[in-house]
Amino acid sequence: MLTSQCRAVPPLKRFFSYSSSGAIVPVTNHGLQCMSMGFLIPSGNASPDGEQDNTDTPIVWRGLMVQKAVQQLLFDVDWSKNGQELDILVVDMPPGTGDVPLTLGQLVTVDGSVIVSTPQDVALSDVRKGIAMLRKVSVPITGLVLNQAFYLCPTCTSPHPQYLFGRPDNFYKVSQHLDIPILGELPLVQAVSKSADGGYPYVLASPSDVEKHDGPGGMTWRQNMAKIATDVMSNLNFGSGQQQI
């Protein structure tokens, strides 16, 4: 997995090892390999526990520097695991139409893209621009995901969806107008944010704990995320033996 930030490991410790060919061996956590731009930037001030920390260090890169960084993350990293070829490479990109998605579309053949949005109109504006950019560089769009779509009270006897960030009507209109399928809607669940800050995936929580602590919202999140993952894998024809990005 490539990401602009990765909280699953401590920020910028010099923990990298290198393969026999000199390629960077990515960090592995929860059975998944991860490489991030955040691992490459220098450390700034020391954290309260005395370790070097780059949390507040900005990435002030443009143009050729960004292109070179993307190229290094793709081609100078040993993505094989125990001698096995990579099945799927997931690239987590920030919103917008900047150098990173354009460079990625030029360097490799992308098999699919999932666009995640929240219900607000300002977010949907970025979605429309992103879709136009992906189509211009011939990147196939697998579908849309609506995040923080609604909230289900975890302690209520009969919880009803509460649309804290607005109803999804305009999201549906964008999907219909641009002819892009909706893969699913994820509710707002407090534990999802907490697990992300803690550096572990929410999907690893046991169903019994999710049901006990997060109620119907947590269970709905798990069910909808499982469906989204299944639909994406089906669209990519996973299991065909070909590497996917």
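## A walk from strand 8 to the cores

Start by selecting strands 7 and 8 (114-117 and 143-146), which run parallel to each other and are joined by 4 bridges. Two strands count as paired if DSSP finds at least two bridges between them. Helices (H or I, at least four residues) and strands (E, at least two) are DSSP runs, numbered from the N terminus.

A word on what you are viewing: this is a predicted model, where local features need pLDDT of at least 70 and side-chain atom pairs count only at pLDDT 80 or more, while totals for chains, interfaces and linings use all residues. Residues are numbered from 1 along each chain as its sequence is written, and side-chain values use heavy atoms, leaving out hydrogens and water.

**Strand 8.** Now colour G143, L144, V145 and L146. G143 and V145 point one way and L144 and L146 the other, yet all are buried (under 20% relative accessible area; exposed is over 50%, partly exposed in between, with a 1.4 Å probe and protein chains only).

**I115.** Next, click on I115, whose bridge partner in strand 8 is L144. Beyond its neighbours within four places in sequence, I115 is in contact (heavy atoms within 4.5 Å) with V127, I131, L134, I141, G143, L144 and V145.

**The largest core.** I115 also belongs to the largest nonpolar core, a group of 34 residues in which M35, I115, I131 and L144 have the most contacts. Such a core is a set of buried Ala, Val, Leu, Ile, Met, Phe, Trp, Tyr and Cys residues joined through side-chain atoms within 4.5 Å. Helix 1 (64-75), helix 3, strand 8 and helix 4 each give two or more residues to this core. Elsewhere, look for a second, separate core of 11 residues, with V189, V210, I228 and L236 among them.

**Helix 4.** Which residues of helix 4 are buried? Select 169-178 and you will find F171, V174, S175 and L178. Look down the helix axis: these buried residues fall within an arc of 95°, taken from the directions from the axis to the C-beta atoms, so they line one face of the helix. They pack against strand 7, helix 3 (121-136), strand 8 and strand 9 (182-185). Turn the helix over to see the exposed K173, Q176 and H177 on the face away from the buried side. Just after helix 4 comes D179, with a positive phi near 60°.

**Zoom out.** Finally, show the whole chain, with its 6 helices and 9 strands. Buried residues make up 35% of its 245 residues.
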